[in-house]
Amino acid sequence: MHSPTVVATLNRTPQDAADVKSYVIGPDSLADAMHSIDTVLHLAARNNDKDGELADFIKDNCEFTHDLYLAAVKAGVKTFIFVTTTHAIWPIRPSDYAKSKAAAEARLRDAEQPECKIIFVRLPAVWGQGATGKLGMISTCPPAIRPIVHSALRSLQPIAGVTHVINTIAGIVENPQAPDEVMISDPIGRFSPYHIFSLALHLALIVAVATVLLPFLLCAAVIVKLTSKGPAIFAQERVGYQKSVFKCLKFRTMYRDTANAASHEVGADQITRVGHILRKTKLDELPQAWNILRGEMRLIGPRPGLPAQHELSASRAARGIYDMKPGITGLAQVQQIDMSTPERLALEDYRYHHTRSIVTDIKILIATVLGRGAGDAAQKR
């Protein structure tokens with residue numbers, strides 16, 4: 001038998017907006033049970049702490065969710081809120097639980113009808129009173145050290161307090177014009193282990209570039225200079241933290257007279273022979289160690305766009321992406337998402353904003369080293 005489904009009912013009259021009732025129902029007569037309901041909050045799931053094969057997870061988390069949505073459409077429900085997981089967006093070694101949630105998201109997007117909007121609420125591990133495992137430490141430890149414990153755990157992985165989750169979902173119920181995807185996670189503290197880790201990572205990169213890699217960089221600069229006209233280093237204006245414009249440095253990989261535009265807007269025939277090698281090996285990005293030293297970039301973060309990329313800038317600004325410094329590599333890059341799809345890129349940046357942690361950044365670094373981050377592809381002509 002399927003897990004029960006919690007259905008939140010929001011009365012249509014504005015004066016009764018706070019009157020939210022909950023019902024626990026089975027899989028039968030779903031449409032009848034949802035009659036006169038405005039918003040359905042679906043959070044039932046076979047969680048990753050339950051035993052079962054992938055087929056069991058698909059049945060409970062994907063097929064039942066799809067059936068519930070179709071019943072909601074039939075009942076005239078206006079908003080369907082599907083609580084899913086951050087693990088469904090990470091492509092490397094997902095669990096059966098994450099696979100089933102991702103499958104449910106795909107089926108819902110295919111089935112979505114204009115009269116019943118779907119909002120995906122994406123959660124990490126949730127902590128609160130009664131939480132088990134390492135997250136239980138936050139609520140059970142003495143109040144004086146609770147912020148330290150929370151900061152340490154949040155630095156290792158994305159987490160969200162149950163009160164934060166409830167307040168955010170309540171806001172969505174009251175405002176169904178919310179974005180199609182809402183990420184919930186606790187913010188990372190300013191002086192957290194995550195920032196110490198990032199600082200150590202940046203210092204290691206700068207030291208490596210200045211010592212071990214310096215001969216290779218000098219050789220690359222000489223080869224670029226000798227094989228095509230123009231400077232070895234290419235400086236291009238990019239939009240960074242809080243929408244400030246800075247000069248992003250790279251080894252020049254295109255001919256000198258190439259238009260100043262994003263790579264996907266430039267023909268592949270504009271890339272020099274040496275440029276192809278530099279791009280494939282990602283050596284063209286190494287001069288950005290200077291941008292890191294100047295505090296303009298991070299090793300991991302959203303790739304900085306051009307000032308002329310207005311659609312990308314608007315999408316990022318709407319999602320708070322400019323509260324982060326840009327990076328040399330990032331979650332979008334290792335998933336082969338470049339600036340040719342600005343709305344999708346901004347969404348992936350938003351996902352990284354809420355899931356960044358020491359573990360996430362290490363995974364992105366490993367994926368980059370293994371060659372998953374291809375960067376912006378030039379047009380083929």
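Colleague: How many salt bridges does the structure hold?

Modeller: This is a predicted model. A salt bridge here needs a Lys or Arg side-chain nitrogen within 4 Å of an Asp or Glu carboxyl oxygen. The number of salt bridges that the structure holds is 14.

Colleague: Which parts does the salt bridge between E105 and R122 tie together, and how far apart are they in sequence?

Modeller: The two side chains meet at 2.9 Å, N to O. E105 sits in helix α3 (residues 96-111), and R122 sits in strand β5 (residues 117-123). The pair therefore ties together a helix and a strand, parts that are 17 residues apart in sequence.

Colleague: Is R122 buried or exposed?

Modeller: The cut-off for buried is under 20% relative accessible area. Its partner E105 has 5%, so E105 is buried. R122 has a relative accessible area of 0%, so R122 is buried.

Colleague: Which residues are linked with E105 and R122 in a network of salt bridges?

Modeller: E105 and R122 meet in a salt bridge of their own. They also belong to a network of salt bridges. The other members are R109, E181, E348 and R351.

Colleague: Where is D284, and what does its salt bridge with K250 tie together?

Modeller: D284 is in the loop between α9 (273-281) and α10 (289-293). The closest N and O atoms of K250 and D284 are 3.4 Å apart. K250 lies in strand β10 (residues 245-251), so the pair ties this strand to the loop, across 34 residues in sequence.

Colleague: Why does D284 count as buried?

Modeller: Buried means under 20% relative accessible area. Beyond its neighbours within four places in sequence, D284 is in contact with K250, F251, T253, L278 and R279. D284 counts as buried because its relative accessibility is 3%.

Colleague: With which residue does K250 form a salt bridge at 3.9 Å?

Modeller: K250 counts as buried, at 14% relative accessibility. The partner lies in the loop between α9 and α10, so this pair ties together parts that are 35 residues apart in sequence. The partner is also buried, with a relative accessible area of 15%. The residue is E285.

Colleague: Does the end-to-end distance of helix α2 agree or disagree with its expected span?

Modeller: Helix α2 covers residues 54-75, which is 22 residues. At 1.5 Å a residue, the span should be 32 Å. The end C-alpha atoms are 30 Å apart, so the two values agree.

Colleague: Where does α2 bend?

Modeller: The bend is about 25°. After the helix comes G76, with a positive phi near 85°. The bend in α2 is at F64.

Colleague: Which residues form a nonpolar patch on the surface with V162?

Modeller: V162 is found in helix α6 (residues 162-174). With a relative accessible area of 37%, V162 is partly exposed. The patch has about 220 Å² of accessible area together. V162 shares the patch with V126 and I166.

Colleague: What separates the C-alpha atoms of L203 and A289?

Modeller: L203 lies in helix α7 (residues 193-210). At 48% relative accessibility, L203 counts as partly exposed. L203 and A289 are 86 residues apart along the chain, and their C-alpha atoms are separated by 9.6 Å.

Colleague: What share of the residues counts as buried?

Modeller: The protein chain has 14 helices and 12 strands. Its accessible surface comes to about 19,300 Å², with 59% belonging to carbon and sulfur atoms. Of its 381 residues, the share that counts as buried is 49%.

Terms used:
Residues are numbered from 1 along each chain as its sequence is written. This is a predicted model: local features need pLDDT of at least 70, side-chain atom pairs count only at pLDDT 80 or more; totals for chains, interfaces and linings use all residues. Side-chain values use heavy atoms; hydrogens and water are left out. Helices (H or I, at least four residues) and strands (E, at least two) are DSSP runs, numbered from the N terminus. Buried means under 20% relative accessible area, exposed over 50%, partly exposed in between (1.4 Å probe, protein chains only). Contact means heavy atoms within 4.5 Å. Patches are made of residues with over 30% relative accessible area and no salt bridge: like charges are joined within 9 Å, nonpolar side chains (Val, Leu, Ile, Met, Phe, Trp, Tyr) within 5 Å. Accessible areas come from the Shrake-Rupley method with a 1.4 Å probe; for residues, only the protein chains shown count as cover. The expected span of a helix is 1.5 Å times one less than its number of residues. The bend at a residue is the angle between axes fitted to the seven residues ending there and the seven starting there.
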